[in-house]
Amino acid sequence: MTIDAARRIPVMLPALGEEEALAAADAVRSGWVAQGPRVAAFEAAFAASVGAAHGVAVSSCTTALHLALVAVGVEPGDEVIVPSLSFIATANAVRYVRARPVFADVDVATGNVTVATLDAVRTSRTRAVIAVHQGGVPAEVSALRTAADRWGVSLIEDAACAAGSTVEGRPVGAGALLAAWSFHPRKLLTTGEGGMLTTDDADWAARLRRLREHGMNVSAADRHASAQPILEAYLETGYNYRMTDIQAAIGLVQLGKLGAIVAQRRSLAARYHELLADVPGVVAVRDPGHGRTNFQTFWVLLTDEFGVGRDETLAALAVAGVSARRGIMASHLEPAYADVNPAPLPVTERITRDSLVLPLHHALTEDDQHHIVGTLRGLIHR
């Protein structure tokens with residue numbers, strides 16, 4: 001078979017345009033391109049948008065997760081429960097603090113951990129849980145928060161993909177102890193690279209701002225703004241996890257578009273659901289009963305009824321000019337975690353083996369979606 005050169009449908013495209021370019025250029029022309037006033041403005045605006053009191057901008061969601069674990073006091077040898085079904089950064093952050101990642105299974109419909117899957121692997125050494133809002137599908141946070149309080153562990157929310165998603169009528173992140181966010185180009189709101197921590201705790205926010213800037217007790221922006229010299233002190237070992245004002249300028253523009261981006265993605269997802277309704281053996285991600293997803297990722301799970309394996313399906317889509325991707329990875333199956341011997345994770349292994357991600361982005365057309373679903377339908381009728 002030959003690849004359809006006349007049609008190439010990318011799996012994703014960042015929704016960036018002239019407004020973002022002008023905002024970045026304005027930041028460059030201002031002469032202040034490092035962490036500064038635009039970062040502060042972006043922090044405040046983003047935190048308000050997710051119903052949190054404080055935002056702390058950082059260089060990535062991975063660094064946000066690292067700082068969150070430091071903030072809640074995870075120490076070497078502690079156990080932190082994470083879903084294996086997540087980008088490997090979730091588990092890696094646990095190793096950054098020399099703690100032990102313990103992998104929990106997930107719910108097959110949402111790809112998220114539940115109270116039951118966490119409790120199945122919880123021990124007396126469990127210090128924290130990282131619950132991922134997988135692909136933008138909100139986890140059932142009320143139940144998770146109640147259980148974490150009962151167990152005496154800290155619940156950190158990995159909301160990397162969840163900007164614009166809601167749970168129980170509120171934005172994902174509202175009421176979270178700590179929530180970590182990503183602004184990578186695959187996310188709905190992008191700054192190129194970058195991340196954020198949100199929290200309602202003012203003391204934690206102040207410490208997190210120090211930690212992202214080498215443990216310094218006064219920011220570089222405040223020192224430069226002062227008419228008098230300020231002799232800074234370094235209160236603890238910190239990190240260089242700062243965001244630039246160029247990134248924040250782009251983020252502020254993107255934040256203003258987030259509602260429209262989510263609405264468009266939900267409309268595209270609804271069309272996928274309609275088109276896939278008569279394709280047997282394809283189970284598409286949907287809103288859970290407790291919330292609404294932003295459809296950052298549109299994944300489908302192939303059942304035995306479909307009759308064609310995931311890898312063969314991906315190959316056929318590629319021949320048709322469709323850039324689909326394998327579904328969410330399982331970290332415990334990667335070489336980096338070969339030394340971990342997890343409890344059985346049957347749902348995780350099923351999802352990572354049998355799921356794939358279909359294209360979903362602002363430039364996707366109705367004709368594109370008909371072509372994608374038609375290719376899937378053709379596989380079971382050949």
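A disulfide is a pair of cysteine sulfur atoms within 2.5 Å. A search of the whole structure, which is a predicted model, finds zero disulfides. This briefing covers the cysteines, two helix pairs, the buried side of helix 11, two residues with positive phi, and selected single residues.

**Cysteines**

- C61 takes part in no disulfide. Its nearest cysteine sulfur belongs to C161 and lies 8.2 Å away.
- The cut-off for a disulfide is 2.5 Å, so the 8.2 Å between the sulfurs of C61 and C161 does not qualify.
- The relation holds from the other side: C161 is in no disulfide, and the nearest cysteine sulfur to it is that of C61.
- C61 counts as buried because its relative accessibility is 8%, and buried means under 20%.
- C161 also falls under that cut-off, at 16% relative accessibility, and therefore counts as buried.

**Helix 3 against helix 4**

- Two packed helices are described by the angle between their axes and the distance between the axes.
- Helix 3 spans residues 61-71 and helix 4 spans residues 89-96. Their axes are 9 Å apart and meet at an angle of about 40 degrees.
- Helix 3 and helix 4 are therefore oblique to each other.
- The crossing of helix 3 past helix 4 is right-handed.
- Helix 3 brings T62, L65, H66 and L69 to the contact. Helix 4 brings A89, T90, A93, V94 and Y96.
- By class, this contact holds six nonpolar residues and three polar ones, with no charged residue.

**Helix 9 against helix 12**

- Helix 9 covers residues 245-276, and helix 12 covers residues 366-379.
- The two pack at about 35 degrees, with an axis separation of 10 Å.
- Helix 9 and helix 12 cross in a right-handed sense.
- On the helix 9 side, the contact residues are L268, R271, Y272, L275 and L276.
- On the helix 12 side, they are E366, Q369, H370, I372, V373, L376 and R377.
- Seven residues of this contact are nonpolar, two are polar and three are charged.

**Helix 11 and its cover**

- Which residues of helix 11 (residues 346-354) are buried? They are T348, I351, T352 and D354.
- The elements covering these buried residues include strand 3 (100-104) and strand 12 (298-302). Helix 10 (310-319) and strand 14 (355-358) are also among them.
- R353 lies in helix 11 as well. With a relative accessible area of 48%, R353 is partly exposed.
- R353 and L302 are 51 residues apart along the chain, and their C-alpha atoms are separated by 9.2 Å.

**Positive phi outside glycine**

- E168 is not a glycine, yet its phi is positive, at about 55 degrees.
- E168 sits in the loop that joins strand 6 (166-167) to strand 7 (170-171).
- Is E168 buried or partly exposed? At 43% relative accessibility, E168 counts as partly exposed.
- F295, also not a glycine, has a positive phi of about 55 degrees.
- F295 is in the loop between strand 11 (291-292) and strand 12.
- F295 counts as buried, because its relative accessibility is 3%.

**A52 in its loop**

- A52 belongs to the loop between helix 2 (37-49) and strand 1 (54-58).
- A52 has a relative accessible area of 12% and is therefore buried.
- What does A52 touch, leaving aside its neighbours within four places in sequence? Its contacts are A47, T198, T199 and D200.
- Q264 is 212 residues from A52 along the chain, and the C-alpha atoms of the pair are separated by 25 Å.

**T146 in helix 6**

- T146 is located in helix 6 (residues 141-151).
- T146 is partly exposed, at 48% relative accessibility.
- The C-alpha atoms of T146 and V115 are separated by 9.3 Å, with their positions 31 residues apart along the chain.

Notes. Residues are numbered from 1 along each chain as its sequence is written. This is a predicted model: local features need pLDDT of at least 70, side-chain atom pairs count only at pLDDT 80 or more; totals for chains, interfaces and linings use all residues. Side-chain values use heavy atoms; hydrogens and water are left out. Buried means under 20% relative accessible area, exposed over 50%, partly exposed in between (1.4 Å probe, protein chains only). Axes are lines fitted to C-alpha atoms, for helices over the stretch in contact, and angles run from 0 to 180 degrees between N-to-C directions. Helices (H or I, at least four residues) and strands (E, at least two) are DSSP runs, numbered from the N terminus. Angles under 35 degrees count as roughly parallel, over 145 as roughly antiparallel, 65 to 115 as roughly perpendicular and the rest as oblique. A crossing is left-handed if the near helix is turned anticlockwise from the far one by less than a right angle, and right-handed if clockwise. Contact means heavy atoms within 4.5 Å. Ala, Val, Leu, Ile, Met, Phe, Trp, Tyr, Cys and Pro count as nonpolar, Asp, Glu, Lys and Arg as charged, and the others, Gly among them, as polar.
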